[in-house]
Amino acid sequence: MLYTDGACKGNPGPGGWGALLQYKGKEKELWGGEPRTTNNRMELTAVIEGLKALKRPSRVRIVTDSQYVKNGMEQWIHNWKRNGWRTAAKKPVKNAELWQELDRLVNLHQVEWEWVKGHSGHPENERVDALANRAIEEMRR
C-alpha cells in the first residue's frame, strides 16, 4: 500500500508532501517540501516519491485524497498524451512534467487507485497529511 498526501499554505505558497509505504507489516514514511508550489504539485510529488522508493516492480494500491491525481491517471492522461500534452481546450496541461514522470513510474508497476475523503479520520490519510504539514514546518525553520 502507498498512502499519499500533499499540502500547501497558500496556493501557491510553501508546500509539503507525505507518503507512507506499507508492506508485510513494515512501514516507511517519506516527506519533503518546496518553498513555493501548489497543492496539486504536492499531491503529484507525493505519489512520485512514494513510487520512486519501491526497489522493484510491484503490485501497489495507491490511496490518495486527491481526485485530481486519481482522475488524471485513470481518465484524463490518455487524451493528454494523444493530444500532445494539451487539454481538450487545446491549452498546455498544467504540471505536465510531473504527470509525465508519474506516468513513467506507474508503468513500471501494477497500480490500483483508491480515493479516500481527506480529513475524515482515515488513519493512514491523517498520517500522510501530518507528514506533508511536517515538511512545511521543517522548511519554514
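**Group meeting talk: a five-stranded sheet and its helices**

Let me begin with W85, which lies in the loop between α2 and α3, where helices and strands are DSSP runs (H or I of at least four residues for a helix, E of at least two for a strand) numbered from the N terminus. Before going further, I should say that this is a predicted model, in which local features need pLDDT of at least 70 and side-chain atom pairs count only at pLDDT 80 or more, while totals for chains, interfaces and linings use all residues. Residues are numbered from 1 along each chain as its sequence is written, and side-chain values use heavy atoms, with hydrogens and water left out.

Back to that loop, then. W85 has a positive phi of about 60 degrees although it is not a glycine, and with a relative accessible area of 18% W85 is buried, a word that here means under 20% relative accessible area, with exposed meaning over 50% and partly exposed in between, using a 1.4 Å probe and protein chains only. N95 is also found in the loop between α2 and α3, and its phi is positive too, at about 65 degrees, although N95 is not a glycine. N95 is buried, with a relative accessible area of 15%. As background, most residues other than glycine have a negative phi, and most peptide bonds are trans. On that second point, the peptide bond from N11 to P12 is cis, with omega near 15 degrees, and P12 is found in the loop between β1 and β2.

Now to the sheet: in what order do its 5 strands come? The sheet is open, with mixed pairing, and the order is β3-β2-β1-β4-β5, where two strands pair if DSSP finds at least two bridges between them. The edge strands are β3 and β5, the latter covering residues 110-115, and each of them pairs on one side only. From one strand to the next, the twist averages 20 degrees.

Taking the pairs in turn, β2 and β3 run antiparallel and are joined by 10 bridges, and one bridge partner pair is G18 with W31 in β3. Their hairpin has 2 residues between the strands, and K24 takes a positive phi near 45 degrees there. β1 pairs with β4, residues 59-64, in the parallel sense over 3 bridges, with Y3 having V63 in β4 as its bridge partner. β4 and β5 are likewise paired in the parallel sense, over 6 bridges, and V60 has V111 in β5 as its bridge partner.

I would like to pause on T64, whose place is in strand β4. Is T64 buried or exposed? It counts as buried, because its relative accessibility is 0%. T4 stands opposite T64 in β4, and, leaving aside neighbours within four places in sequence, the residues in contact with T64 (heavy atoms within 4.5 Å) are T4, E43, K70, W113, E114, W115 and V116. A polar atom of the T64 side chain also lies 2.9 Å from the backbone nitrogen of S66.

Turning to the helices, two packed helices are described by the angle between their axes and the distance between the axes. The axes of α2 and helix α3, residues 96-106, come within 11 Å and cross at roughly 95 degrees, where axes are lines fitted to C-alpha atoms, for helices over the stretch in contact, and angles run from 0 to 180 degrees between N-to-C directions. That makes α2 roughly perpendicular to α3, a label used for 65 to 115 degrees, with under 35 being roughly parallel, over 145 roughly antiparallel and the rest oblique. Among the residues making this contact are Y68, M73 and W80 of α2 and W99 and L102 of α3.

The last element is helix α4, residues 123-140, whose 18 residues should span 26 Å at 1.5 Å a residue, which agrees with the 26 Å between its end C-alpha atoms; the expected span is 1.5 Å times one less than the number of residues. Buried residues in α4 include V128, L131, A135 and I136, and what covers the buried residues of α4 includes β1, β2 and β3. A135 is buried, with a relative accessible area of 5%, and, not counting residues up to four places away in sequence, A135 touches G16, W17, W31, G32 and G33.

Terms used:
Polar contact = N/O pair within 3.5 Å; in protein donor to acceptor, adjacent residues only side chain to side chain.
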